[in-house]
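Biologist: Please show me the model, and then let me ask how its terms are justified.

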Amino acid sequence: MPKSVITTNLPSDGANSTKIAEAFSACRSAINEVSTTGFTLMVNFSIMGYEHFECSFHEKWKEQYDRENYFLHDPVFNWALKNEGAIRWSAIQLPDPLQILEKSQRYGLVYGAAFAALTGSKRSMVFVSRQDRELSDTEMRRLSMVVTEFFDSLLPPPSLSGKELEMLRLHIQQEMSYDEIAEQFSLSLSAVKTSFLRMRQKFGCKSTARLAYLAKERNLFGVEPP
């Protein structure tokens with residue numbers, strides 16, 4: 001059965017809304033290409049509201065959805081509150097006591113997909129819709145990739161301690177080996193290797209070379225002297 005999605009007018013705590021909208025612009029074209037009858041974006045949702053919200057569904061459906069407080073009963077929204085990943089609306093098996101899914105079809109929300117993730121301690125979600133057909137496997141994979149990249153950009157950057165930063169700086173800028181860093185800090189070699197392992201884990205890097213690349217890209221050491 002085709003599914004529907006949220007358009008709610010919950011309060012926004014959107015101090016970062018403009019910044020989030022700019023980040024979302026990178027995947028907006030991919031979403032618009034697939035979501036021929038609109039999409040919804042909700043960033044960092046909690047019971048207090050959200051940081052950013054966009055919805056391009058039919059205006060009459062948005063009015064009805066908000067007026068009737070459908071979001072409390074919408075199975076697609078409820079799926080996104082409890083799951084991470086991507087799913088076609090037709091694959092969601094949750095109760096729909098108000099027949100929201102059926103009512104949305106008259107406004108073109110017949111087929112689509114939900115994408116959801118934890119962004120820190122809150123949840124972010126994207127819903128796309130179209131009227132003519134299910135999303136193909138290729139479209140699901142592509143949207144999952146671009147939306148995941150967007151969700152990842154919402155996460156706060158990992159932080160390093162002063163000691164970790166200095167170790168990394170010595171390794172990158174002065175090309176010091178682990179042995180030399182161990183001597184510099186009066187540590188064992190295993191302790192230095194453990195420190196670099198933790199730094200790689202913080203940044204999701206499989207190699208120290210990748211960690212060095214990200215450190216330079218994000219200018220972790222500040223502006224280098226000419």
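Modeller: This is a predicted model. The lining of the largest pocket divides into 6 nonpolar, 3 polar and 2 charged residues.

Biologist: What makes 2 residues of the lining of the largest pocket charged?

Modeller: Asp, Glu, Lys and Arg count as charged. The lining includes Lys19 and Glu51, so these two fall in the charged class. Asn16, Asn44 and Ser153 also line the pocket; Asn and Ser are outside the nonpolar and charged lists, so they count as polar.

Biologist: Which helices supply at least two residues each of that lining, and what is the volume of the largest pocket?

Modeller: Helix H1 (17–34) and helix H5 (137–154) do, with the largest share, 3 residues, coming from H1. The volume is about 270 Å³.

Biologist: How is the lining of the second largest pocket divided by class?

Modeller: That lining has 6 nonpolar, 2 polar and 5 charged residues. Among the lining residues nearest the centre of this pocket are Asp152 and Arg218; Asp and Arg are on the charged list, so both count as charged. The pocket holds about 230 Å³ of space, and H5 gives the largest share of its lining, 3 residues.

Biologist: Why are H6 and H9 called roughly perpendicular?

Modeller: The axes of H6 (residues 162–173) and H9 (residues 208–217) cross at roughly 100°. Angles of 65 to 115 degrees count as roughly perpendicular, so H6 and H9 are given that name.

Biologist: Which residues of H6 meet H9?

Modeller: Leu168, His171 and Ile172 in H6 meet residues of H9, including Leu211 and Ala215. By class, the contact has 5 nonpolar, 2 polar and 1 charged residues.

Key:
Residues numbered from 1 in each chain as written. Predicted model: local features only at pLDDT ≥ 70, side-chain atom pairs only at ≥ 80, totals over all residues. Heavy atoms only, no water. Axes fitted to C-alpha atoms, helices over the stretch in contact; angles between N-to-C directions. Helix = DSSP H or I, 4+ residues; strand = E, 2+ residues; numbered from the N terminus. Parallel < 35°, antiparallel > 145°, perpendicular 65-115°, else oblique. Contact = heavy atoms within 4.5 Å. 1 Å grid on protein atoms, 1.4 Å probe; cavity = no way out; pocket = protein on both sides within 12 Å on 5 of 7 lines; lining within 4 Å. Points joined across faces, edges and corners; volume = space filled by probe spheres on them.
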